[in-house]
Protein chains: 2
Amino acid sequence: MEKVTMKDVSRQAGVSMSTVSRVLNSPESVNREKREKVLNVIKELKYHPNALARGLVYKRTNSLGVLIPDVSNAYVAEVIRGMEDTALHFGYNLILCNTDLDQEKMVKYLQVLKEKQVDGIVFTSEPVTSELNELFEQLGLPVVLASTQSLEYNLPSVKVDDEKAAYDAATYLIGKGHRKIGMISGPTFDIISGATRYYGFQRAMKEKLQINAENMVEFGSYRFEDGYNAMKKLLKRKPDMTAVFSASDEMAVGAITYLHEEGISVPGDISIMGYDNTKFASMYIPKLTTVAQPMYEIGKTAVEKMMEQLEGKEETTLRSYLAHQIIERDSVRER
Amino acid sequence: MEKVTMKDVSRQAGVSMSTVSRVLNSPESVNREKREKVLNVIKELKYHPNALARGLVYKRTNSLGVLIPDVSNAYVAEVIRGMEDTALHFGYNLILCNTDLDQEKMVKYLQVLKEKQVDGIVFTSEPVTSELNELFEQLGLPVVLASTQSLEYNLPSVKVDDEKAAYDAATYLIGKGHRKIGMISGPTFDIISGATRYYGFQRAMKEKLQINAENMVEFGSYRFEDGYNAMKKLLKRKPDMTAVFSASDEMAVGAITYLHEEGISVPGDISIMGYDNTKFASMYIPKLTTVAQPMYEIGKTAVEKMMEQLEGKEETTLRSYLAHQIIERDSVRER
DNA sequence: CTGAAAGCGCTTACAG
DNA sequence: CTGAAAGCGCTTACAG
């Protein structure tokens, strides 16, 4: 299976390489007969242009690098899906990089992506440290932030307004008649999804119920086990809670599992509200009432923003917020 | 941010490009002083070699194309994770392609991957049609099959022995004292995961219980809704079943949901056994007893097989089977 | 150990 | 409309 190149095609078709190239890139500029001849030879020889060579002269590869914490995370996977569909639509491919939130891996990947001449980087679900920002600048590649943002650096970003979303969730719970509401929060050092949701919750408690709910909160890292453990502590401390808002669906499910083991019914005794609306949420018993993040749309919008940058469009909004939505299902009941 | 090339480095360091190149590729062959000089200039100028140019001469890109049905599928995402970690380990990157089982998209992607000069293709979770096989041959790229296989074509593959796994699952249920066992199967036209698991189940019924269980089966496409609907039909037809084996965790959960709505307890009244062991399975109530596929390992092994091919190692096993495992949890009870 | 030159496979002014 | 030539950024024999 010898590689067939443009030279082979040109020879076989009896034209110059320039002509073959033109047939590929601006067919109208080529005499019809020749064009068809070339096209036939291309088919016959099964010629595939070499995108490396082409990229070398165009200085574009139509490839994007995507940094994510972990594909196997349901939330992330959905975001990627949105990115990939959109990239395909614009004729781009995605190079996938799992960082595990590991700075070293990120730096390594960024290096490689630069070398592979990706046209841009989509950076997902991770805070932008100053080292990272410096690296971005040094690489000189367009960067778009998906499901994260930076207040310090001027990087285009797309995410949900987490503070507002959490505020709305708490308000929803209050609207359902709940007064003693706990929260299972992400870590407050996570300024993207931890602190924001925490403050949104607190603000609702303050504004709507005039209470300081700081002691109604336990923390975890968004995982099932974290939710389970947090619920255990929370229940011990505040046995009279009637509802709990969890900063992730997975923690919500962990919480429900603990309550179930204790013979406490959801939503009969305690209502549980999640966050994310991963697929999981609607397949659970009880089906989870939760704050939906438009994951697919976040991925889609991030890539669209990247395209705007690459196409040199005028600056659109730097920091975009996509609408969240409260999905009413069965894990919260009226009180 | 002007692009700095090897030429810039060579000029600045006062050596030839050849020398710069050598410093990068076989540093020992370069005089120490010069080498350090060059290294310093590289650092100073923040030089990043251009992988396109390099790939053009090496005829290798250290990139792999990955065709998958859908990243947002938990099973697939886990497989990809295994691939990506392993690829990284070997110094490779992954270009992600969601096919949605759409032949046209596949063909299109394969075309692009060929043009981008990927070193190989990992094809996942989809049957290999004759058109596809022809395309593979035409492209002349190494292909490895992950979580699928081909009996007709000699393509290296990695998967679980689904027939045996289903056989073991049914046997497990029988061992727990169940005699009237239903199955929610994938479609039999799906010869990879549908027919195989179906036959494995039937074989166990025949060998262990001497019964023909053909009328104990309903079919679905592995999704939640399918499981729900199949369970409904199955229950109507065979109300005296005590256990059901589902060809996916998601369908198992759909089935449980239906039973729950009918006030039938799992595993109290009916035991349910799943397949896959996606993360989901252990977070459910009841925690799902299921057949675990080593998803991460499948991805890992697939990439390892690819590396063997690329490194021209001697042929190892063409069709590999990774061990499945029965994970006992709470959705099946002794009878 | 080091440099000049050719070549990897394309595209793009520049002439004609 | 078409071809020859230069160039994209690297590597690799080939001399020295």
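In this predicted model, DNA strand C is surrounded by 28 residues, and the ones that come nearest are Met6(A), Ser21(A) and Tyr47(A) from one chain, plus Ser18(B) and Arg22(B) from the other. Most of what the protein meets here is backbone: sugar and phosphate make up 67% of the strand C atoms that come within 4 Å of the protein. The polar contacts fit into that picture. The side chain of Tyr47(A) puts an N or O atom 2.5 Å from a phosphate oxygen of DNA strand C, and a polar side-chain atom of Thr19(B) sits 2.6 Å from a phosphate oxygen of that strand. Lys59(B) goes for another kind of atom, with a side-chain N or O atom 2.8 Å from a sugar or linking oxygen of DNA strand C.

As for where this surface comes from, α2 (17-25) and α4 of chain A, along with α2 (17-25) and α4 (51-58) of chain B, each put in at least two residues. Sorted by class, the surface near DNA strand C comes out as 12 nonpolar, 11 polar and 5 charged residues.

Now for DNA strand D. It has 28 residues around it, and those that come nearest are Ser18(A), Thr19(A), Arg22(A), Met6(B) and Tyr47(B). Of the strand D atoms within 4 Å of the protein, 67% are sugar or phosphate, and bases supply the rest. On the backbone side, a side-chain N or O atom of Ser16(A) is 3.0 Å from a phosphate oxygen of DNA strand D, while Lys59(A) has a polar side-chain atom 2.8 Å from a sugar or linking oxygen. There is a base contact to point out too: a polar side-chain atom of Arg22(B) lies 3.2 Å from a base nitrogen of DNA strand D. Arg22(B) also turned up among the residues that come nearest to DNA strand C.

The elements behind the strand D surface are α2 and α4 of chain A and α2 and α4 of chain B, each with at least two residues. Its class breakdown reads 12 nonpolar, 11 polar and 5 charged.

Next, the two protein chains. The size of an interface is often given as the accessible area lost when the parts come together. For chain A and chain B that figure is about 5,400 Å², with 59% of it on carbon and sulfur atoms. In terms of residues, 60 from chain A are in contact with 60 from chain B. The polar side of the interface includes 22 residue pairs in polar contact, both partners at pLDDT 80 or more. On the chain A side, at least two residues each come from α4 (51-58), α5 (74-89), β2 (93-98), α6 (103-115), α7 (130-139), α11 (249-261) and α12 (280-283). The residues of chain A that touch chain B split into 25 nonpolar, 17 polar and 18 charged. Salt bridges between the chains number 4. One of the salt bridges joins Asp70(B) to Arg81(A), with the closest N and O atoms 2.8 Å apart.

The chains also share strand pairing. β2(A) runs antiparallel to β2 (residues 93-98) of chain B, with 3 bridges between them, and Leu94(A) has Leu96(B) as its bridge partner.

Within chain A, β9 (residues 271-276) and β10 (residues 289-292) are paired in the parallel sense over 4 bridges; Met273(A) is bridged to Thr289(A) there. On to β12 (residues 325-327): this strand pairs with β10(A) in the antiparallel sense over 3 bridges, and Gln325(A) stands opposite Ala292(A).

Finally, some backbone oddities. Most residues other than glycine have a negative phi, and most peptide bonds are trans. Lys46(A) goes against the first trend, with a positive phi near 55°; its place is the loop between α3 (32-45) and α4 of chain A. The peptide bond between Val266(A) and Pro267(A) is cis, with omega about 5°, and Pro267(A) belongs to the loop between α11 and β9 of chain A. In chain B, a cis bond links Ile285(B) to Pro286(B), with omega near 0°. That puts Pro286(B) in view, in the loop between α12 (280-283) and β10 (289-292) of chain B.

Definitions and conventions:
Residues numbered from 1 in each chain as written. Chains lettered and ligands numbered in written order. Predicted model: local features only at pLDDT ≥ 70, side-chain atom pairs only at ≥ 80, totals over all residues. Heavy atoms only, no water. Contact = heavy atoms within 4.5 Å. Buried area = accessible area lost by both parts, 1.4 Å probe. Salt bridge = Lys/Arg side-chain N within 4 Å of Asp/Glu carboxyl O. Polar contact = N/O pair within 3.5 Å; in protein donor to acceptor, adjacent residues only side chain to side chain. Nonpolar A, V, L, I, M, F, W, Y, C, P; charged D, E, K, R; others polar. Pairing = 2+ DSSP bridges. Near = heavy atom within 4 Å.
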